[in-house]
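Biologist: Please take a close look at the salt bridges in this model. I would like to know which residues pair up, where they sit in the chain, and how buried or exposed they are.

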Amino acid sequence: MKTSSAKAKGRKLQQMVVEKILKYFSTLTPLDVRSTSMGVTGQDVQLSAMATALFPMQIECKNRAAIAIYKDYAQACTHGALEPLLVIKQNHSKPLAVVDLDYFIKLMSERKQ
């Protein structure tokens, strides 16, 4: 894949995350939640002080074709009717929780109310 295509793919994911945050947090505007330019150091989605108060997260977006997490997450989805949660860990690293993006942002939006 060309570098420009990879960056466009990453930018599209960042923009999707921004749209979802704005959808669930109606008090925020596009000035509060912005996708950063490709190649900029730091967070992929920049949040204003107000947005950070409502959504206290640092957001990194990776849009790659070869991530084995999807297979494991699909298995977690088969275990019943509750919201699936995949916990992953590699050697010498902290465990990570993987949940559906819509579920996570909805969960965060309910936290503010």
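Modeller: The chain holds four helices and four strands, and this is a predicted model. In sequence order the elements run α-β-β-α-α-β-β-α, so a helix stands at each end of the pattern by the DSSP assignment. Along the principal axes, the C-alpha atoms occupy a box of roughly 40 × 40 × 25 Å. Of the 113 residues, 25% are buried. The accessible surface is about 8,200 Å², and carbon and sulfur atoms account for 56% of that area.

As for charge, the chain carries 16 positive and 9 negative charges, and the mean positions of the two sets lie 7 Å apart. Searching the whole structure gives three salt bridges.

One of them joins aspartate 102 to lysine 20, with 2.5 Å between the closest N and O atoms. This pair links distant parts of the chain, since aspartate 102 belongs to helix α4 (residues 101–111) and lysine 20 to helix α1 (residues 3–24), 82 residues apart. The two partners fall into separate accessibility classes: lysine 20 has a relative accessible area of 18% and is therefore buried, being under the 20% cut-off. Aspartate 102, at 31%, counts as partly exposed, because that value lies between the 20% and 50% limits. Contacts between residues far apart in sequence occur elsewhere in the count as well: among those joining residues at least 6 apart, 44% connect residues at least 24 apart.

Helix α4 also contains both members of another salt bridge, glutamate 110 and lysine 106. Their side chains meet at 2.9 Å, N to O. The two residues are four apart in sequence, about one turn of the helix. Glutamate 110 is partly exposed, with a relative accessible area of 41%, and lysine 106 is likewise partly exposed, at 42%.

The remaining salt bridge is formed by glutamate 60 and lysine 62, whose closest N and O atoms are 3.2 Å apart. Glutamate 60 has 48% relative accessibility and counts as partly exposed. Lysine 62 is partly exposed too, with a relative accessible area of 46%. Both values stay under the 50% limit, so neither residue is classed as exposed.

To return to the request, the pairs are aspartate 102 with lysine 20, glutamate 110 with lysine 106, and glutamate 60 with lysine 62. Among these residues, lysine 20 is buried, while aspartate 102 is partly exposed.

How values were computed. Residues numbered from 1 in each chain as written. Predicted model: local features only at pLDDT ≥ 70, side-chain atom pairs only at ≥ 80, totals over all residues. Heavy atoms only, no water. Buried < 20%, exposed > 50% of the residue type's maximum accessible area, 1.4 Å probe, protein only. Contact = heavy atoms within 4.5 Å. Areas by Shrake-Rupley, 256 points an atom, 1.4 Å probe, with all protein chains shown as cover. Lys, Arg positive; Asp, Glu negative; His and termini not counted. Charge placed at Lys NZ, Arg CZ, Asp CG, Glu CD. Salt bridge = Lys/Arg side-chain N within 4 Å of Asp/Glu carboxyl O.
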